[in-house]
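Colleague: I'm new to this one and would love a close look at a single part of it. Could you pick a helix and walk me through its surroundings?

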Amino acid sequence: PPTDQGDRMVVLGRDISHLSRRNQFLACASGVFFFSLLYGYLQELISVKICGRELGLFLASAQFVGYTAWSYAMRRYVGG
């Protein structure tokens, strides 16, 4: 529904419109990073418990390196 409050930015139920655009970006990027690490940790926990693997946080580290490499490549390609 339309609101008369202008451009509000609500993240996880919290209004962060009072923050500067830089701090909004940092808050959102930090959230993505945190939940990505949480996802990787839980993924590793499941694979270690079910599959009996001994190498902890390998998948999370590989994903993080992959995301970083692709982000760098896309930034270079787009010209950001």
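To get my bearings, in what order do the elements of the protein run from the N terminus on?

Modeller: Happy to help, and please keep in mind that this is a predicted model. Starting at the N terminus, the order is β-β-α-α, which gives two strands and two helices. Let's look closely at helix H1, residues 21–51.

Its length is a good place to begin. H1 has 31 residues, so at 1.5 Å a residue the helix should span 45 Å; the C-alpha atoms at its ends lie 44 Å apart, in agreement with that. Just after H1 comes Gly-52, with a positive phi near 75 degrees.

Now for the partner of H1. Helix H2 covers residues 58–78, and the two axes come within 7 Å of each other, crossing at roughly 145 degrees. The crossing is right-handed. On the H1 side, the contact is made by Phe-33, Ser-36, Tyr-39, Gly-40, Gln-43 and Glu-44; H2 contributes Phe-58, Leu-59, Ala-60, Gln-63, Phe-64 and Tyr-67. Sorted by kind, the residues of this contact are seven nonpolar, four polar and one charged.

Which residues of H1 are buried? They are Gln-24, Gly-40, Glu-44 and Ser-47, and the buried residues of H1 pack against H2. Two of these names, Gly-40 and Glu-44, also appear in the contact list above. For context, buried residues make up 8% of the 80 residues in the protein. The accessible surface of the protein is about 7,200 Å², with 65% of it belonging to carbon and sulfur atoms.

Key. Residues numbered from 1 in each chain as written. Predicted model: local features only at pLDDT ≥ 70, side-chain atom pairs only at ≥ 80, totals over all residues. Heavy atoms only, no water. Axes fitted to C-alpha atoms, helices over the stretch in contact; angles between N-to-C directions. Helix = DSSP H or I, 4+ residues; strand = E, 2+ residues; numbered from the N terminus. Left-handed = near helix turned anticlockwise from the far one by under 90°. Contact = heavy atoms within 4.5 Å. Nonpolar A, V, L, I, M, F, W, Y, C, P; charged D, E, K, R; others polar. Buried < 20%, exposed > 50% of the residue type's maximum accessible area, 1.4 Å probe, protein only. Areas by Shrake-Rupley, 256 points an atom, 1.4 Å probe, with all protein chains shown as cover. Expected span 1.5 Å × (residues − 1).
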